[in-house]
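Student: Could you take me through one part of this protein slowly? I would like to see how a single piece sits among its neighbours.

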Amino acid sequence: MFTELPIEFVRRIDSIVTSEWRSDVMASFCEPKWTSFRVNPLRCSIEDAQDELNEAGIALGNVAGCDHAFVVEPRFRQAITRSRLVESGGIHIQGLSSIMATLVLDPQPGEEILDLAAAPGGKATHMAALMNNLGWLSVVEPIRKRMFVLAENLKRAGVTISHTYLMDGRRVGKKVPMRFDRVMLDAPCSGESRFRSNDPKTWRFWSLRKIREQARKQQGLIASAFQALRPGGRMLYGTCSFAPEENEAIVNHLLHIYPDQASLVPIELPFQHWQPGLTHFEDWHCNEQIEHARRILPNHQFDGFFMALIEKQ
């Protein structure tokens, strides 16, 4: 069932995921995925969205820990994605792990927030909704084509507090040091959680070399994000990769650079399919604080996702 995935990737999963969860994780690469979405209160109430979708015959499933997120079985995917609510911005199709990342960062109305790798805008629009469109939301994206998509999604969602910047996120920290109350960094990565065993295109360009290339970019981005964070503020670092080189090692590098300023905050999640951050992998070891990070393990509803909540002392 799993031999179509790269052999080296499967071997690494065996080293990363505990035996308790390994078969479930591997099965998630080939089983049909449910579709998840959240209701956008800037455009629609939860009750109105539920009523409209129920009238269309779409059965909704609740999500633990988030009253404005829902899931639907694979057979309802087209009905959801083509619904009037998506076009009007009333609901936003988004992975549950991505939704959880924003909830963990917990942006508040009136704060100054930075989204350092913002396109296509799922987390940015979610943060604006949680802030009730009150405060300041800086969204940064280095690729022009993706910036257009980001701007359109912000407009559709009714976001009025966003300020978009076409620039390399690695330059932001020096330009606006110690400005933001919270920073979201869902870093560009090797995208391992998106692998599908029956679709070679999803892992065609995967390699250990690509992981190392992404890690170099991620080190620059997390340093920039931390520079932009004010003392007492919090940032969330996340990727949709399993690779410790892109996750624990990046956070560990930040802790090494700022031993007296950076600390990890324990993350509470409303479900059981997660692991603490790894403090060792193959031949290297990390700061014990890395255990406070979380690796969400994929299943039929969730994608794999790593997240670490970092506070600036």
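Tutor: Happily; let's look at one helix, its partner and the core around them. This is a predicted model, where local features need pLDDT of at least 70 and side-chain atom pairs count only at pLDDT 80 or more, while totals for chains, interfaces and linings use all residues. Residues are numbered from 1 along each chain as its sequence is written, and side-chain values use heavy atoms, leaving out hydrogens and water.

Our helix is H6, residues 96-105. Helices here are DSSP runs of H or I with at least four residues, strands are runs of E with at least two, and both are numbered from the N terminus. Nine of the ten residues of H6 are buried, so the rest of the structure largely encloses it. Buried means under 20% relative accessible area, with exposed over 50% and partly exposed in between, using a 1.4 Å probe and protein chains only. The buried residues of H6 are Leu96, Ser97, Ser98, Ile99, Met100, Ala101, Thr102, Val104 and Leu105. After H6 comes aspartate 106, whose phi is positive, near 60°.

Now find H7, residues 122-130: its axis and that of H6 come within 10 Å and cross at roughly 40°. Axes are lines fitted to C-alpha atoms, for helices over the stretch in contact, and angles run from 0 to 180 degrees between N-to-C directions. H6 and H7 are therefore oblique to each other; under 35 degrees counts as roughly parallel, over 145 as roughly antiparallel, 65 to 115 as roughly perpendicular, and the rest as oblique.

Where do H6 and H7 meet? Ser98, Ile99, Ala101, Thr102, Leu103 and Leu105 of H6 are in contact with Lys123, His126, Met127 and Leu130 of H7, contact meaning heavy atoms within 4.5 Å. By class, six of these residues are nonpolar, three polar and one charged. Ala, Val, Leu, Ile, Met, Phe, Trp, Tyr, Cys and Pro count as nonpolar, Asp, Glu, Lys and Arg as charged, and the others, Gly among them, as polar.

Finally, step back to the largest nonpolar core, which has 38 residues; Leu137, Leu236 and Met307 touch the most other members. Such a core is a set of buried Ala, Val, Leu, Ile, Met, Phe, Trp, Tyr and Cys residues joined through side-chain atoms within 4.5 Å. Elements that each supply at least two residues include H6, H7 and strand S6 (136-141), and H6 gives the most, with six residues. Leucine 137 touches Met127, among others, not counting residues up to four places away in sequence.
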